[in-house]
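Here is a short set of exercises to work through with the model open beside you. Try each task yourself before reading its solution.

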Amino acid sequence: MAPSSRVAFLVVGLGNPGPRYERTRHNVGFDVVREVARRWGVDRFERRYAGEFATGRVGAGGSRVALLLPHTYMNESGRSVSAARGALRVAPEQVVVVHDEIDLPFGVVRVKQGGGTAGHRGLKSVREGLANSGFWRVRVGVGRPDSTDPEIVSRWVLGRFDEPEAAVRELIAAAADALERLVANGGLGADGA
């Protein structure tokens with residue numbers, strides 16, 4: 001499918017809506033997308049596609065992008081992403097999902113296209129909503145607890161960061177940098193960033 005004439009990318013931050021989930025590990029996708037919105041001067045989000053939605057440009061004269069923060073809760077994110085993708089007529093390869101990654105140590109950011117979901121229910125929902133796994137992922141390392149017990153892991157990702165605020169800001173900035181490189185390069189050479 002040829003790139004959409006409307007936007008070069010649909011950038012999706014995964015998270016859960018509401019104050020209860022703000023600044024939690026699971027919401028780092030929301031935090032990164034809000035950071036790039038700030039950098040790109042995108043300050044008007046509206047309620048659309050079951051989430052917060054905005055369009056803007058990556059810097060002066062840069063690519064036009066759409067930003068989406070689904071308000072469907074993490075496990076139903078695919079419904080929101082699918083609606084936005086259909087309206088914007090973008091290919092799965094034009095979708096970038098920013099999400100927390102417990103299989104990466106805190107502070108590590110990786111970019112990849114396609115792949116599995118590693119048990120991440122938000123990614124699973126997006127894959128189902130797009131009926132395709134070829135979308136881009138900006139994987140934001142939040143570390144993992146010293147247990148594989150599902151309840152402990154759930155509390156970990158839904159908990160607030162234990163790391164110093166400055167370290168969390170650095171993580172969000174590093175992920176925003178990786179996202180900007182991906183979008184600026186049209187996905188070329190972004191694997192493993």
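**Exercise 1. Place Arg34 by its exposure, its helix and its contacts.**

Step 1. Arg34 is partly exposed, because its relative accessible area is 38%; buried means under 20% relative accessible area, exposed over 50%, and partly exposed in between, with a 1.4 Å probe and protein chains only.

Step 2. Helix α1 is where Arg34 lies. Helices are DSSP runs of H or I with at least four residues, strands are runs of E with at least two, and both are numbered from the N terminus.

Step 3. Leaving aside residues up to four places away in sequence, Arg34 touches Glu52 and Leu69, where contact means heavy atoms within 4.5 Å.

Step 4. Arg34 and Leu68 are 34 residues apart in sequence, and their C-alpha atoms are 9.7 Å apart in space.

Before going on, a word on the model. It is a predicted one, in which local features need pLDDT of at least 70 and side-chain atom pairs count only at pLDDT 80 or more, while totals for chains, interfaces and linings use all residues. Residues are numbered from 1 along each chain as its sequence is written, and side-chain values use heavy atoms, with hydrogens and water left out.

**Exercise 2. Decide whether Asp31 is buried or exposed, and find what Asp31 touches.**

Step 1. Asp31 also belongs to a helix, α1.

Step 2. Asp31 counts as buried, because its relative accessibility is 11%.

Step 3. Not counting residues up to four places away in sequence, Asp31 touches Arg23 and Ile172.

**Exercise 3. Find the largest nonpolar core and say which element gives the most to it.**

Step 1. Start with the general tendency: in soluble globular proteins, nonpolar side chains tend to be buried together.

Step 2. Here, the largest nonpolar core has 37 residues, and Val11, Val32, Leu67, Val138 and Leu179 have the most contacts inside it. Such a core is a set of buried Ala, Val, Leu, Ile, Met, Phe, Trp, Tyr and Cys residues joined through side-chain atoms within 4.5 Å.

Step 3. At least two residues of this core come from each of β1 (9–13), α1 (28–39), β4 (64–70), β5, β6 (109–113), β7 (136–141), α4 and α5 (165–184). With nine residues, α5 gives the most.

Step 4. Zoom in on Val11: beyond residues up to four places away in sequence, Val11 touches Val33, Ala66, Leu67, Leu68, Val96, Val98, Leu179 and Val183.

Step 5. Another core lies apart from this one and has 19 residues, among them Val7, Val12, Leu68 and Leu123.

**Exercise 4. Work out which residues of α4 and α3 are buried, and how they are arranged.**

Step 1. In α4, Val153, Trp156 and Val157 are the buried residues. Viewed down the helix axis they fall within an arc of 90 degrees, so they line one face of α4; the arc is that of the directions from the helix axis to the C-beta atoms.

Step 2. The buried residues of α4 pack against β5, while the face turned away from them carries the exposed residues Glu151 and Arg155.

Step 3. In α3, the buried set is Gly122, Leu123, Ser125, Val126 and Leu130. Their arc is within 160 degrees, so they too line one face of the helix.

Step 4. The cover over the buried residues of α3 includes α2 (77–88), β5 and β7. Arg121 and Glu128 are exposed on the other side of α3.

**Exercise 5. Find the residues with a positive phi in the loop between β2 and β3.**

Step 1. Recall that most residues other than glycine have a negative phi.

Step 2. Tyr49 is not a glycine, yet has a positive phi of about 55 degrees. Tyr49 sits in the loop between β2 (46–48) and β3 (51–57), and is buried, with a relative accessible area of 19%.

Step 3. Ala50 lies in the loop between β2 and β3 too, and has a positive phi near 55 degrees. Ala50 is partly exposed, with a relative accessible area of 36%.
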